[in-house]
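Got a minute to walk through a model with me? Have a look at it first.

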Amino acid sequence: EAAEKGGYEHFMLKEIYEQPKAVRDTISPRIKDGKVVIEELNMSDEEIKAISRIQIVACGSAYHVGISAKYVLEEVAKIPVDVDFASEFRYRNPILDNNALVIIISQSGETADSLAALREAQARGLKVLGIVNVVGSSIAREADNVMYTWAGPEISVATTKAYSTQLSAVYLISILFGQIRGTVTKEAYKNMVKEIQKLPEKIQKILEEKERIQWFANKFASSHDIFFIGRGLDYATCLEGSLKLKEISYIHSEAYAAGELKHGTISLIEKDILVVGVATQEQLYGKLVSNIVEVKSRGAYVMGLTTYGNYAMEDTADFTVYVPKTMSCFMTSLAVIPLQLLAYYVSVAKGLDVDKPRNLAKSVTVE
Ligand code: G6P
């Protein structure tokens, strides 16, 4: 097993470090001469133009990719998107017209609820596109179209590289659909294609600064409650950051759309509670800073997560982590990295079984 870990202490850390390569492997083969080409996507331009709405169905972290996808697809391709937990979708009798596209996202391709949701969609005569990591898995075999994420085998129960490659797949689909449906200008298209290819090196840069997060994780390893707040895509990032932390550190954590704080959660904020404020969305930056001020005035200790250049964050947050800038719609891919590292180092500091957390399975093949 030590050999399989390739010198890393845990599979999770190894997989965190494999992300630049995994993201590159998922993106590069689908960009040819500056254009997004998804050969395995067996859909004509007419079919893509006719899509009335997209229904994304998934579980766990893949569901969080779905939440990010809603923001990106709606922004770039202007297609309305719904996102459901597979366990809800399969029993809620959803209203879907014939031109709806169902996308199932799954690392293993074997999650029982996701597979049942796929069958439910097909029984209604709908086309299903699977975004799947494991080649030849049940969802890959049964879906009408499959787009593979090339993350390679993922051993750690808490997903990192599969999640990152799922995000990349979603960006590629969004750019392609946007181009075919004429919702992105030529210039925006060019920029997106250029920016998406820079994500691996930017992820690499964040990984090189892991010591600061490690230090911070040690300081907060004995916390009982941690809150993650963000707006827009930063909220989607918070959902994943919070899940990662609770999965492997057993610390209670919640992710909140920052604007909802005042409708409940703020009553839980008291002295020295850690709040992670994610603020990478330029147009929402000021709003998030106001939310940080609110929780700080109630005694919270705040870790701010923003992009290089927003140095004024240090006037408000107690501890600030910076990530490189990219287009707002791709920010989740960068902002999630310090949150994965935070979860990992908290778990290590507590001496827990990082790769095999209690009560959790890598692939949930029973309902
Ligand atoms: C389990 C795993 C999660 C994963 C979820 C969905 O709960 O521990 O990491 O996100 O299943 O799995 P899938 O294989 O469908 O992506």
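Below, a student and a tutor talk through the model.

Student: What kind of model is this, and how are residues numbered?
Tutor: Local features in this predicted model need pLDDT of at least 70, side-chain atom pairs count only at pLDDT 80 or more, and totals for chains, interfaces and linings use all residues. Residues are numbered from 1 along each chain as its sequence is written.

Student: Which helix gives the most to the shell around the ligand?
Tutor: A residue is near the ligand if its C-beta atom, placed from the backbone, lies within 6 Å of it. The closest include G60 and S106. Helices are DSSP runs (H or I, at least four residues), strands are E runs of at least two, and both are numbered from the N terminus. With three residues, the top contributor is helix α4.

Student: Which strands stand at the edges of the open sheet?
Tutor: Two strands pair if DSSP finds at least two bridges between them. The order is β9-β8-β10-β11-β12, with parallel pairing. Two of these strands have a single partner each, so one side of each lacks a neighbour in the sheet: β9 and β12.

Student: How do α11 and α15 cross, in terms of angle class?
Tutor: Their axes come within 8 Å and cross at roughly 50°. Axes are lines fitted to C-alpha atoms, for helices over the stretch in contact, and angles run from 0 to 180 degrees between N-to-C directions. Under 35 degrees is roughly parallel, over 145 roughly antiparallel, 65 to 115 roughly perpendicular and the rest oblique. So α11 is, relative to α15, oblique.
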